[in-house]
Amino acid sequence: SGANDASEAFPETTIESAVAAFAEGAEMVEIDVQLTSDGTLVLMHDDTVDRTTDGTGCVSALTLAEIMALDADGSSVPTLDGFFAAVTGGVNVEVKLHESAACPAQDLEATADAVVASIATDVATREILVSSFDLAVLQRIRASDPSIAIGYLATGAADIAVTATEGFEAIHLLSAVANTRTVAQAHEAGLRTRVWTVDGATDISRMFALDVDAVITNTVADGVMARTAFCDSYVCPDAD
């Protein structure tokens with residue numbers, strides 16, 4: 001489940017929301033990371049801090065000190081290093097291209113390198129993988145540290161072959177293109193198959209019936225309930 005939406009009671013993309021997701025039964029949380037103007041990775045979904053904090057401005061234009069001073073609905077914005085130190089469960093680090101009329105494109109190569117460096121400092125025994133829609137980012141991470149598991153964020157069945165050719169471990173399929181054929185194709189290619197974003201017990205159960213390995217959801221409790229019900233009759237998947 002995404003740490004940013006683990007529970008409506010907690011501000012998104014914070015340590016508190018991740019802890020809540022794990023408490024509800026998630027085995028992995030998804031977080032979005034971006035570089036500050038002085039080169040530190042922080043957790044933030046949008047390209048600006050406007051929606052989720054009491055501040056304004058592009059993440060890439062603010063220093064770490066400026067971002068740390070912001071109030072994220074009662075919480076602070078964590079760094080990736082700080083997040084790793086505070087939680088013990090699995091983490092899916094997502095690197096997105098943020099480019100809008102308001103904010104210039106971020107340096108994804110620098111972001112990729114910073115992600116690799118941060119993961120190298122993590123001492124917890126946990127599953128970590130990096131996901132992105134940007135193939136070049138994932139290729140750079142694979143070249144920098146082949147031990148880091150990678151999931152290619154995919155919006156079409158053609159991406160299955162690309163993921164397998166690159167030697168990545170997982171494909172994260174858009175739920176709209178996940179069906180018996182595409183999931184089987186991904187598994188035949190040796191890929192761990194997660195689907196995104198699937199909310200509500202009914203739709204999550206439908207994904208499990210396709211034999212997916214995991215679901216990425218904003219509704220953790222529904223996901224755990226669906227997984228438990230599915231496991232009563234079938235082989236258990238994970239509830240990412």
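**Helix contacts, cores and single residues**

Let's start where two helices meet: Leu108, Glu109, Ala112, Asp113 and Val116 of H4 touch Val137, Arg140, Ile141 and Ser144 of H5, where touching, or contact, means heavy atoms within 4.5 Å. You're looking at a predicted model, in which local features need pLDDT of at least 70 and side-chain atom pairs count only at pLDDT 80 or more, while totals for chains, interfaces and linings use all residues. Residues are numbered from 1 along each chain as its sequence is written, and side-chain values use heavy atoms, leaving out hydrogens and water. The labels come from DSSP runs numbered from the N terminus, with helices (H or I) having at least four residues and strands (E) at least two.

How do you describe a pair like this? Two packed helices are described by the angle between their axes and the distance between the axes. For H4 and H5 (residues 135-144), the axes come within 9 Å and cross at roughly 40°. (An axis is a line fitted to C-alpha atoms, for helices over the stretch in contact, and angles run from 0 to 180 degrees between N-to-C directions.) That angle makes H4 oblique to H5: under 35 degrees would be roughly parallel, over 145 roughly antiparallel and 65 to 115 roughly perpendicular, with the rest oblique. The crossing of H4 and H5 is right-handed, which is the name used when the near helix is turned clockwise from the far one by less than a right angle, anticlockwise being left-handed. Sort the H4 and H5 contact residues by class and you get five nonpolar, one polar and three charged. Here Ala, Val, Leu, Ile, Met, Phe, Trp, Tyr, Cys and Pro count as nonpolar, Asp, Glu, Lys and Arg as charged, and the others, Gly among them, as polar.

Now move along the chain to H8 (residues 201-209) and H9 (residues 220-231), whose axes come within 9 Å and cross at roughly 45°. That makes H8 oblique to H9, and their crossing is right-handed. On the H8 side, Ala201, Ile204, Ser205, Phe208 and Ala209 make the contact, and on the H9 side Asp222, Gly223, Met225, Ala226, Arg227 and Phe230 do. In class terms, that's seven nonpolar, two polar and two charged residues.

Let's zoom in on Ile204, which sits in H8. Is Ile204 buried or exposed? With a relative accessible area of 0%, Ile204 is buried; the word means under 20%, exposed means over 50%, and partly exposed is in between (1.4 Å probe, protein chains only). Setting aside residues up to four places away in sequence, Ile204 touches Val198, Asp199, Val215, Thr217, Thr219, Asp222, Gly223 and Ala226. Val224 is 20 residues from Ile204 along the chain, and their C-alpha atoms are separated by 9.4 Å. Just past H8, in the loop between H8 and strand E8 (214-215), you'll find Asp211. Its phi is near 80°, a positive value in a residue other than glycine, and Asp211 is partly exposed, with a relative accessible area of 49%.

Next, the cores. A nonpolar core is a set of buried Ala, Val, Leu, Ile, Met, Phe, Trp, Tyr and Cys residues joined through side-chain atoms within 4.5 Å. The largest nonpolar core has 33 residues, and Val33, Val93 and Val130 touch the most other members. Helix H4 (residues 108-121) gives the most to this core, with six residues. Leaving out residues up to four places away in sequence, Val33 touches Leu41, Val42, Leu43, Met44, Leu80, Val93, Glu94, Val95 and Val115. There is also a second, separate core of 18 residues, which includes Ala154, Val183, Val198 and Phe208.

A few more stops towards the start of the chain. Thr13 lies in the segment before helix H1 (15-24) and has a positive phi near 55°, again in a residue other than glycine. Thr13 is buried, with a relative accessible area of 5%. In H1 itself is Ser17, buried at 0% relative accessible area. Arg51 sits in the loop between strand E2 (41-43) and helix H2 (64-68). Aside from its neighbours within four places in sequence, Arg51 is in contact with Glu12, His45 and Asp46. Its C-alpha is 9.2 Å from that of Ala72, and the two residues are 21 apart in sequence.

Finally, look at Ala161 in helix H6 (residues 158-166). At 45% relative accessibility, Ala161 counts as partly exposed. Ala161 and Val123 are 38 residues apart in sequence and 33 Å apart, C-alpha to C-alpha.
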